[in-house]
Each structure stands twice: as C-alpha cells, then as structure tokens.
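Thanks for sharing this one. Here are my notes, set out as numbered points so that you can follow them with the model open.

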Amino acid sequence: MKLENSIFKIITDSGSGTGFFLKGYDYIITNYHVVAGFREVIIEDNQKNRYLSKVVMVNSLVDIAFLVVKDMPIVEKIIELNPNLHIETTQEVNIAGYPFGMPFVITNGIISSTKQIMDNRYYIQTDAAINSGNSGGPMIDEDNNLVAVVNSKFTEADNVGFGIPFSDIQSELDNFTFKDEVYRVKCISCNNYLEKRVKFCDKCGKDINEKLFNTVEKEEDSQLTKVVEKAIANYGLNPKLCRVGKEFWEFYPKSNVIRFFTTNGEDSFYANSPICSVPKENIEEALKIINGNKVKPFNLGIYAKNNTICLYYRIFQFDVTNDVSRDEVMHNLELFISKSIKLSEYFIQKFNADVAIESK
Amino acid sequence: MEHLLPKYYQPLKTKKEPKKDLSEWEKAKKLYEEKSFKKAIIAVFNYNNKNTLKGVDLTKDINITRFHGDIALDISIDNSELTVSAKMVSIDKDTNVVALLRRVAEINFALLDYVSITFENNLLSMNYVEKIDRCKPLKVNWILQEFLFAGDEHLNEFIEKYNAKSLSLVKKEELTTAQQEKVLKAIRGYLSEYDSYVDYFENNGRSSYVWDIALITLYKISNMNYLNGYLKYELINKISILNNEKIEFKDKLIEAKKYIKSLQEKSDEFYLERMFFREDIISLLKISSVDILKEYLGGYFDSLAKYESEQNDFAKVYYLQVIFLRVIYNYNISAYQKKQIEKALRRIAKDNIKKGSENLIILYNKFMRKEIKERYSFKFTTAKLFYLLIIGIVSVEVINALFK
C-alpha cells in the first residue's frame, strides 16, 4: 500500500494544492483557500491521471473543504483519523503533498507545538518543510494517523508551519452528512449548511460572507482557447481536464506529455511533446531522422537540458484564429497528439531509447 | 594611466549596409488588409532594404537570390506561395557528423521558432514555405530575420567547430591591405589597452571595473562588422553572457577574461581570415527613433545621478561608454547619430577623466532632449542667418525660402 495513492494534486486556474482521502470517508479533504471560488476542480493522482471533482462543503473559518470525485478507480485509503490520538511536542511527523505543483514529496520534522494559538484558533506547529502547494495536504505520524491538515506557513521564517488539528477535521466530518453533490457553505457559528446565497444564516442569524458563494469570474474563452479545446475534444479527451492555466494545456493521452501553450508577450503558439530520451546507440541514424524534415508540419528537435527528443509545432497565434488557417491548425493539433504517441513508440522500439523523463 | 581613457577607433565605412525605408512598413500592413498579398510581401522587402528588389520585374513571379552575411537566400514569390530557402553547409568525411547533427537538433528546438535547419542529401539547409494569404508582414519579417540570425550565428559554428564543408556561395569582398592593417592595429590596440586597464584596476582595488573594460573591449571588436565567421558568433555570445544578470558576476568575469586572453593569443592570420566586407539585406539591429533612444538612455538616469552625487567621474565615464557602445551595437541608428557617438567616444581618449565624463554627459543630455535626430537638421538662429547674409554666404532669396 502506497501512501501517495490516496494523496492528490488539486489543480485550479489559480494554482495548485494538495488533498487526500481518509480511511472510511468518501470526501477528498483539502483547504478552503485551495478551492476558494471554484465549484469544480481537477484532481491529479500520483500517476498523473486526472479527474473532475466537485466542491461540496466549505468552512472558511477552519479553512477546510470537502470534494467528491466520480469516475475515479477505487483507491486504497491509508490515512486514518483516530479520535483518541495522542500527540506531543518533539514527536516526528511527515508532511505529504505536491509542493510547487511538483511530483509527490514527503518531508519530515517534529511537532514544535501541539496547541499554537493564532487568530483565536489552535494549530499544530511543525518544523517540517512546508511550501506553496502543500496546502490541504496531510500531516501524519509514523503510523499514518492524521495529525493535522497543512494550512499555512510563515513566508519570512524557516521551519515554521501550521496545521489544522485532526480533532477539527473529525468535527467537520461528523457534522457533514450529505451524500449529494450540492455546494454548501458552513455557517461558522451554528454548523448550519447553506445551499443558497444568503446575507445571514437562516438558523442563527450570523452574517454570512457572500464571497463564499462567489465563483472566480472566468474571462470568456479566447478564440484561441476555443480552437485548441475543440482539437483536444476531437481527439477524444476532455479539454477541461487538460487545461492547467490561461492558454496552457498539459495532458497525457498515453504515457508522454503533450503541452499546448502561448507565451506572454510573444506572438507564438507552441505545441511540445517530449517523446523519448536521446538513444545511446545508433545515434547517427536517429539524428538523421530527427533532422530529416519527415514529420511536417511538425518538427523534431532535442531539448539539451534533459537530453530528450521533442516533437514540436510552432506557429503564430494569429494563424490559430485566422479564418483562412483555423481549420487546418485545429486538424494539425489533433494530429500532433497521435503523432507524438506514434513517434514515441517508434523511437523506443527502433532505437531502444528510454521513455522521456516527463512521461508518466 | 589615471588620466587616460580607452581609445576608440572608428570602424571602416561600408557601402553594403541595407537601405531601409521605414514608410514601407505601414504600406505593407495596409496592402495585406486589402488582400494584395504579393504586394504586401514586396513592401516588407522594401522596408528592410530598397535594393533587394531593385531591377526585378515585380509584375511576374519573383525568383531571386540575395546574399546576407554568409548565406545566400533563395526567395520566390508567386501568387500562391512565398518560399525562402538557404543552403548552409554540406558534410564530408572530415565532418563530425554526430556532434553536428545533435547541435542542429538542439538549435532547432531551443533557438529557432518557425524556421528549422534540415538535413537532406548530405546538406544542411533552411526552408520555409507559406501560402501567400497567410503572409502577414509581421510574419514575413520575422521569418526573414530568423533565417539571417541562424545564418549569422550558426553557419560558421558548423564549419569551424564541426568541420562541416562551406558551400562558398557568398562572394566575399576583401579589405585592402591598408584597411586590414588599420583593423589589426585597432584590434591589437583594444586588446593591449584591456591588459593595461585590468592591471590598473586590480592594482588600485577597483576590480569591479574589469567588467566595464571587458565589455567595452568586446563591444568595440564586435562593432567591426567586417569581422565575420564564428568569431562574430563568439563575440555576440560572450557579450550576452556579460550582460546576463542571471549569471553570477564573478563567473561571467572569469569567462570574459578567459575569452579575451584567447583573443590576444590569436595570430594576425586568424583575424585576416575572418576579415571581409559582408552584404546585408536586412539590418538585424533593433528599430530606433529619437523617442526609443530617449527611453533606452533614460533607463540609466538613476545610476548616472548616483555617480554624479558621489562625484565619481571615473565610474560615470566608464558607464557612459558602455551605454553608448550598446546604442551603436544594438540599435539601427542613423549615420548622423552614429557619427556623434563615435566622435564623443574618440575624443574621450584624449581627455582626462573629468573632462571625458563632462563631454559624455553633454552627449547623453542631447539624446535625452531628442536633439540628436535621425538626420542632421540645419537650425539657424536669426543672428546666425544675419551674419551669413552680411558675409555674403546666403542671399535674401535663400533666407526667404527657408522661412516659407
């Protein structure tokens, strides 16, 4: 059983965080601030498979959110919530997650304080390395018991990170009994759950911050986005799961990664895909193929930094949206995905090349 | 030494610089919008150099070969496509094929955008074909520049580093013996002055100035546009390393010192082999105007003000030299503007540091006030005109005409 199988990267248009499953529960738990403003987010597992998930509960006071995800294969849940867990200072803890959006990482430290008070709430303080992207991830002991949910660190201090205590998570889970996929905001005073935008809680009268019902205002999709996402959909993939930022798509139709993106301040649109590493044998023949202009309208090149053969397609942005070239570009992007898979297989088989380091 | 400043030798004049017509750019954009695609492409060529299509029958399909630096560019324009191609080098038994082809694949991926270098029939070449209705002026210009940059930067790298075979397509115009001697004297002068200044700076606890003198030395040599081949590429590369803020100061200094030492050790023959006048169909320098130059130079105002308040003429004079050499090196400035900068740079070698700094500040302020225009303009004050009238150089009719 691998710990990383039940811990996920959470991707939104605003950035990324971490979320995890607890044994016996169906929700992915993360921080409210990771998903604030979104009703739907992307969950990526350790194998880089992506799923759409819905935000079903947010508690802004505790900074906790619950997500449900359908269509995900059964996951072995390893982290346990033990209501009788005893923790003490100097006890070792592990922080698991996806700092800076990187692949899965575990860092280790000790509990520096079991009851650190900040903004009138108690937190568990640790000296383990916590970075942007760890938010929402689990802080666990050596037996994989949940100690806390990571939620902040002091940006100008080293080795000072905080987590929401496991007891708070227990309360949140005990209170939330809904089984549907409706978005609900928890009243911070009376534990009432609100489904519709209200100015105050209909049960206890506490003011409800209307921002909790807001969704991040999305700019209307650019013409370029529409063309690119149509090409991805034509290939048979869900463009929503491929979009990782504004005019930036990253996805794995098979093992190798495909990236479509524009660059700020430039007029170019890029499609890139590392297909395999540079072969160690019969290299002259491989290089002649790479430089032989045989994959038009695409090109092959070598990314020297990681010794990888890449398939790429670079065009002017206005050619993506221009009436005269749009359909051709859309077709080419669809073709690019299948070409990348075929070329990857070809080089690996013919030249015994290793898979590209970025492949899954 | 304290009262001396590095010498600046004016580079040789060349008649082969492109004859730019800036007004053609707007024309090209308008023609493209009007769907006069072929005419729009022609306007882009005229914008870059009026001589490129001189004498060509533009009513028919165009098929021309033009030279730029070390490459011969084959250009075809008909009513359906624009085709540009350039053969670069061939390979033979002496060529290090694997290293060369790996380098080509790396260049294609990391350094080129739309054009790529391809290997077919033992030949490396660049090719670009585009349907004419997709040839926006911006795209055409970009593609042409990419061809020429790749030619300038890589063709000689392939020959000198990997023993690829030159196709010798370009006719080189040699310098006269007198010109060669003048250039060699200038190069040796810069390199020997570099040594003296480095010694001086390091012995006087001013080792941070070594960066200035190294950069000035490399700028001056690279500014000689008749030094070609891989040497040109190396100079551009080392200058960009020195200017790269992401590289640690001490590391880039070590690199520059090592490179300049290697230049000092090169024989006269090394320089003579790479010394010839080149033809350019496009200037690859940045577009400039009095406003662009004002904005660029204005970016250095705070640093200069700091040196001024510290009364550090020494720092000021070196900083200004670097700034003005960057203007010459990076911007497509007019002959008049270039002359003014070169005059000031030549003069400072004769001045002491205080005087040198004052003169450069005067020039800096003139650029900031946009007084150094693209062309020399005759500005007569009424008093001057009256004086000229008195001494009989101008007539009343001329003065009337001037004020019309």
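The points below go from chain A as a whole, through two of its strand regions, to the contact with chain B and the domains of chain B.

1. A reminder before anything else: this is a predicted model. Everything below should be read as a description of that prediction.

2. Let me begin with chain A overall. The chain contains seven helices and 20 strands, and its C-alpha trace spans about 70 × 45 × 40 Å along the principal axes. Of its 360 residues, 38% are buried. If you take the contacts in chain A between residues at least 6 apart in sequence, 58% of them join residues at least 24 apart.

3. Strand E4 of chain A, residues 40-44, is a good place to look next. Why is this strand largely enclosed by the rest of the structure? Four of its five residues are buried, so the surrounding structure largely encloses E4(A). Strand E1 of chain A (residues 7-12) pairs with E4(A) in the antiparallel sense, over three bridges. Strand E5 of chain A (residues 50-59) also pairs with E4(A) in the antiparallel sense, over five bridges.

4. A:Ile42 is a handy residue for finding your way around these strands. A:Ile11 stands opposite A:Ile42, and A:Ile42 also stands opposite A:Leu52 in E5(A). E4(A) and E5(A) make a hairpin with five residues between them. In the turn, A:Lys48 has a positive phi of about 70 degrees, which you may like to look at in the model.

5. Further along chain A there is an open, antiparallel sheet of six strands, in the order E15-E16-E17-E18-E20-E19. Strand E15 (243-245) and E19 of chain A stand at the edges with a single partner strand each, so one side of each has no neighbour in the sheet. On average, and ignoring direction, neighbouring strands here are turned by 30 degrees against each other.

6. Within that sheet, consider strand E16 (residues 248-251) and strand E17 (residues 258-262) of chain A. Their antiparallel pairing runs over four bridges. A:Trp249 has A:Phe260 in E17(A) as its bridge partner.

7. Now for the interface: 22 residues of chain A are in contact with 20 residues of chain B. On the chain A side, the elements giving two or more residues are helix H5 (283-290), strand E19 (299-303), strand E20 (308-316) and helix H6 (317-321). Which element gives the most? That is H5(A), with five residues. By class, this side of chain A has 11 nonpolar, seven polar and four charged residues.

8. Helix H3 of chain B (residues 97-110) deserves a look of its own. H3(B) lies across E19 and E20 of chain A, and runs at about 100 degrees to E19(A). The axes of H5(A) and H3(B) come within 9 Å and cross at roughly 35 degrees, and the crossing is left-handed.

9. At the residue level, H5(A) brings A:Ile283, A:Glu284, A:Leu287, A:Lys288 and A:Ile290 to this contact, where they meet B:Val97, B:Val98, B:Leu101, B:Arg102 and B:Ala105 in H3(B). The residues of this helix contact divide into seven nonpolar, no polar and three charged.

10. Finally, chain B. Its domain assignment gives domain 1 (24-166), domain 2 (285-373) and domain 3 (378-404). Taken over C-alpha atoms, the centres of domain 1 and domain 2 of chain B are separated by 35 Å.

Note on methods. Residues are numbered from 1 along each chain as its sequence is written. Chains are lettered from A and ligands numbered from 1 in the order in which they are written. This is a predicted model: local features need pLDDT of at least 70, side-chain atom pairs count only at pLDDT 80 or more; totals for chains, interfaces and linings use all residues. Domain bounds come from an automatic or database domain assignment. A residue is buried if 20 or more other C-beta atoms lie within 10 Å of its own, exposed if 12 or fewer, and partly exposed in between; C-beta atoms are placed from the backbone. Two strands pair if DSSP finds at least two bridges between them. Two residues are in contact if their C-beta atoms, placed from the backbone, lie within 7 Å. Ala, Val, Leu, Ile, Met, Phe, Trp, Tyr, Cys and Pro count as nonpolar, Asp, Glu, Lys and Arg as charged, and the others, Gly among them, as polar. Axes are lines fitted to C-alpha atoms, for helices over the stretch in contact, and angles run from 0 to 180 degrees between N-to-C directions. A crossing is left-handed if the near helix is turned anticlockwise from the far one by less than a right angle, and right-handed if clockwise.
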